[in-house]
Amino acid sequence: MTDTASRPQRRKKEAPAEKAPTGKQRILEAAERLFASRGFLDVSAAEIVREAGVAHGLLFHHFGAMEDLYAEVSRMAAQRMNEVQLASFRGKTAREQVAAFLRAHLRSVKQREGDALFRARSHNVATHAKVAAIWEASRQEAIDRVCEALGLEAPTPAMRVCLRAWIGFHDQLVLAWLSERTLSERQVMDWTMKQLEHLAADVLSVDLDRAAGGASASAG
């Protein structure tokens, strides 16, 4: 009989310790929080490095300029927002799926209210052209998914232009909801969907209450 008690016990494998975030990561996380709550122009480099707990020069070492940091933060934020919004198209009909998407969009924008208001009011195209392009690409992804939900397999350029105008109409309602409080969230939803009803009937020739297209038609 083997005496197992005398054998040295095998050490259990310890889970590898999580790496501490790098200075660059800490700068990105701090900038994301500050930009999201107050917008680009109301946040200084000094505030970001203080929030991140890093040396002042590290921000410019990694990003070169505040505008480039803002663009990188915007790219990450747009990617996360896209993932949340594109996964939100749930429901049995096109109407239900688009409404679910709009609700997810409103939640996402509310979480980044300061940045959303800054971008809506900013007219400095030269400084923020890269950021504008990032968010425009996000809108185009949303339009692609709306087309799927509506069953538009090959939307014409005119259809896409109309849907882009519809997104712009929604953006203006959201701005009024966030900044002026002249509209309620319910009104933003109702008026955006009402506008889509007109487009569906007059331009797109689709029935919003038909079975939804796309990969996720389960009720949510």
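Select Phe118 first: at 12% relative accessibility, this residue counts as buried (under 20% relative accessible area, with exposed meaning over 50% and partly exposed in between, for a 1.4 Å probe and protein chains only). The model is predicted, so local features need pLDDT of at least 70 and side-chain atom pairs pLDDT 80 or more, while totals for chains, interfaces and linings use all residues. Residues are numbered from 1 along each chain as its sequence is written, and side-chain values use heavy atoms, with hydrogens and water left out.

Next, add Phe35 and Phe40. The structure holds 6 aromatic pairs (rings of Phe, Tyr and Trp, the last by its six-membered ring, with centres within 6.5 Å; planes under 30 degrees apart are stacked, over 60 edge-to-face and the rest tilted). Phe35 and Phe40 form a tilted pair, 5.7 Å centre to centre with 50° between the planes. Phe35 is buried at 0% relative accessible area, and Phe40 is buried at 6%. Phe40 also forms a tilted pair with Phe118, at 6.0 Å centre to centre and 50° between the planes. Because Phe40 lies in the loop between α1 (23-38) and α2 (45-52) and Phe118 in helix α6, this pair ties together parts that are 78 residues apart in sequence (helices are DSSP runs of H or I with at least four residues, numbered from the N terminus). Adding Tyr70 completes the view, as Phe35, Phe40, Tyr70 and Phe118 form one aromatic cluster.

Move now to Ser138, in helix α7. Ser138 is buried, with a relative accessible area of 6%. Its side chain makes a polar contact with the side chain of Asn82 at 2.6 Å (a pair of N or O atoms within 3.5 Å, one able to donate a hydrogen and the other to accept it).

Then display the largest pocket, with a volume of about 750 Å³ (a pocket is an open set of points on a 1 Å grid with protein on both sides within 12 Å along at least five of seven lines; lining residues have an atom within 4 Å of a point). Of its 32 lining residues, Arg119, Ala120, Trp135, Arg139 and Asp171 are the closest to the centre. Helix α7 gives the most to this lining, with 9 residues.

Finally, select Arg145, which lies over the face of Phe89 at 4.6 Å from the ring centre (CZ of Arg or NZ of Lys within 6 Å of the ring centre and within 35 degrees of the ring normal). The charged end of Lys110 sits over the ring of Trp177, 5.8 Å from its centre.

How values were computed:
On a 1 Å grid over the protein atoms alone, a cavity is a set of points where a 1.4 Å probe fits but cannot get out, and a pocket is an open set with protein on both sides within 12 Å along at least five of seven lines; lining residues have an atom within 4 Å of a point. Grid points are joined across faces, edges and corners, and a volume is the space filled by probe spheres set on the points. Helices (H or I, at least four residues) and strands (E, at least two) are DSSP runs, numbered from the N terminus.
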